Amino acid sequence: RMEEATFLADPLPGFDAATQALDSLDADDLLYLALEVCKNLAHGGGKLSAEQLACRMAGQGEERERNRPLIEGGGATQRAQQATNACMYIFREAVKVRLGAEYLGEQLGEGTGISKESRDVLDGVWRLKSASLLSADKVECALSVGRLVGMEWKLSVGTESSSCAKLMVPFVVLLFTVSDANGTHKSVAVEMTLQEWDEFALGIEEIASVMETV
């Protein structure tokens with residue numbers, strides 16, 4: 001099957017490290033993340049909150065208090081963002097190649113180092129959601145690429161959220177204004193940790209250098 005041959009055939013740089021963060025989630029948190037990613041793809045993107053996932057990972061009550069230094073230091077948020085990126089990439093690629101509902105777990109087992117426990121969770125969600133995500137309008141929504149007409153950025157510090165009383169995590173927010181095929185403008189916000197911002201900026205510099213040679 002062509003879709004099996006092309007699924008994750010050429011993963012993005014950093015994918016292996018991101019899957020390690022994915023594997024660090026317990027089954028409940030991974031299920032929550034996978035369902036949120038599918039919802040995001042079905043509705044054409046938007047922001048997924050790494051901070052909210054980080055607070056879920058920290059647990060409740062005394063467990064959260066024990067994990068508070070990790071949350072406030074940004075380590076948990078960074079790990080949550082990496083896990084989110086990996087999960088989004090996996091499901092987006094599955095939509096892109098129209099992977100059959102029964103093949104995700106098998107393909108992840110052959111092409112990645114993701115643990116069987118995590119593969120089983122992702123496979124179960126794909127079996128549940130693939131039919132709706134692979135409908136024609138949902139594929140277009142999940143994979144559509146518009147024309148960039150503007151970009152704004154800001155450096156912020158997350159102080160607290162509805163699910164976490166004290167964050168104190170610096171992050172960068174990019175606001176892209178995109179025009180679709182009908183000329184309709186919409187804004188898409190992307191949130192990055194400082195490390196991800198550094199990697200993103202380096203990537204842009206490399207693209208600019210290549211374009212100068214064209």
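Read from the N terminus, the protein follows the order α-α-α-α-α-α-α-α-α-β-β-β-α, for a total of 10 helices and 3 strands, where helices (H or I, at least four residues) and strands (E, at least two) are DSSP runs numbered from the N terminus. The model is predicted, so that local features need pLDDT of at least 70 and side-chain atom pairs count only at pLDDT 80 or more, whereas totals for chains, interfaces and linings use all residues. Residues are numbered from 1 along each chain as its sequence is written, and side-chain values use heavy atoms, with hydrogens and water left out.

Of the 214 residues in the protein, 40% are buried; here buried denotes under 20% relative accessible area, exposed over 50%, and partly exposed the range in between, with a 1.4 Å probe and protein chains only. The accessible surface comes to about 12100 Å², with 54% of this area belonging to carbon and sulfur atoms, as computed by the Shrake-Rupley method with a 1.4 Å probe, where for residues only the protein chains shown count as cover. Among contacts (heavy atoms within 4.5 Å) between residues at least 6 apart in sequence, 64% join residues at least 24 apart.

The largest nonpolar core, a core being a set of buried Ala, Val, Leu, Ile, Met, Phe, Trp, Tyr and Cys residues joined through side-chain atoms within 4.5 Å, contains 41 residues, of which F7, L22, I90, F91, L104, L122 and W126 touch the most other members. Two or more residues of this core are given by each of α2 (15-23), α3 (27-42), α4, α6, α7 (104-111) and α8 (116-133), and α6 gives the most, with 11 residues. Beyond its neighbours up to four places away in sequence, W126 touches F91, A94, V95, L99, G100, A101, L104, L133 and L134. A second, separate core of 5 residues includes V172, F176, V178 and M192.

In the loop between α6 and α7 lies R98, whose phi is near 55°, a positive value in a residue other than glycine. At 45% relative accessibility, R98 counts as partly exposed.

The structure holds 1 cavity of 30 Å³ or more. On a 1 Å grid over the protein atoms alone, a cavity is a set of points where a 1.4 Å probe fits but cannot get out, and lining residues have an atom within 4 Å of a point; grid points are joined across faces, edges and corners, and a volume is the space filled by probe spheres set on the points. The largest cavity encloses about 50 Å³, and its lining consists of A50, E51, T77, Q81, V169, P170, F171, E191, M192 and T193. At least two lining residues come from each of α4 (50-58), α6 (75-96), β2 (169-179) and β3 (185-192), with β2 supplying the largest share, 3 residues. By class, the lining divides into 5 nonpolar, 3 polar and 2 charged residues, where Ala, Val, Leu, Ile, Met, Phe, Trp, Tyr, Cys and Pro count as nonpolar, Asp, Glu, Lys and Arg as charged, and the others, Gly among them, as polar.

Two further residues have contacts that involve members of this lining. E196, in helix α10 (residues 194-212), is buried, with a relative accessible area of 15%, and touches Q81, Q82, N85 and E191 when residues up to four places away in sequence are not counted. K154, in strand β1 (residues 147-158), is in contact with F171, V172 and V173, leaving aside neighbours within four places in sequence. K154 and E191 are 37 residues apart in sequence, with their C-alpha atoms 9.8 Å apart in space.

Definitions and conventions. 1 Å grid on protein atoms, 1.4 Å probe; cavity = no way out; pocket = protein on both sides within 12 Å on 5 of 7 lines; lining within 4 Å.
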